[in-house]
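Q: Please show me the structure, and then teach me how to read its strands and its core.

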Amino acid sequence: MTETEGAKKMIQLTTATKLEKQIAKARTVKPRVHVNCFGSYTVTNKQTGATYTVTCEKRDGKRFASCTCRAGELGRACYHLAAAVAAHLQLAAERQAAH
Ligand SMILES: [Zn+2]
């Protein structure tokens, strides 16, 4: 495991976040999302074998996410992030339902 260099750019997930396009891409590419722990996901592109780490966290009631790919480093939403966020939200809903 290597640490990402420099400060991590977190993308705030709001309704204004243009994730739809990335969600659509994730549906086409169908990356594998592995849950490391709640809030940390490893997304694998099955075609290229490239893996990226997506982190989701909540700060002051706002959701943030980041990805270790080039787009993520530039603070842009990517399909890895969209795929991981979808898994994260499902996990969060399941957690809530369990309590
Ligand atoms: Zn990414």
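Q: How many residues lie between β2 and β3 in their hairpin, and which turn residue has a positive phi?

A: Helices (H or I, at least four residues) and strands (E, at least two) are DSSP runs, numbered from the N terminus. Here two residues separate β2 from β3, and Gly39 in the turn has a positive phi of about 105°. This is a predicted model, where local features need pLDDT of at least 70 and side-chain atom pairs count only at pLDDT 80 or more, while totals for chains, interfaces and linings use all residues. Residues are numbered from 1 along each chain as its sequence is written.

Q: In which sense do β2 and β3 pair?

A: Two strands pair if DSSP finds at least two bridges between them. Strand β2 (residues 32-37) pairs with β3 in the antiparallel sense, over five bridges. Across from Thr42 in β3 stands His34.

Q: What is the bridge partner of Thr42 in β4?

A: That partner is Thr53. β3 and β4 (residues 51-59) are antiparallel, with five bridges. Their hairpin has six residues between the strands, and Gly49 in the turn has a positive phi of about 80°.

Q: Which residues of β3 are on the covered face?

A: Tyr41 and Val43 are on the covered face, whereas Ser40, Thr42 and Thr44 are on the uncovered one.

Q: Which element gives the largest share of the largest nonpolar core?

A: A nonpolar core is a set of buried Ala, Val, Leu, Ile, Met, Phe, Trp, Tyr and Cys residues joined through C-beta atoms within 7 Å. Buried means that 20 or more other C-beta atoms lie within 10 Å of the residue's own, with C-beta atoms placed from the backbone. The largest core has 20 residues; among those that touch the most other members are Val54 and Leu81. Its largest share, six residues, comes from α3.

Note on methods. A residue is buried if 20 or more other C-beta atoms lie within 10 Å of its own, exposed if 12 or fewer, and partly exposed in between; C-beta atoms are placed from the backbone.
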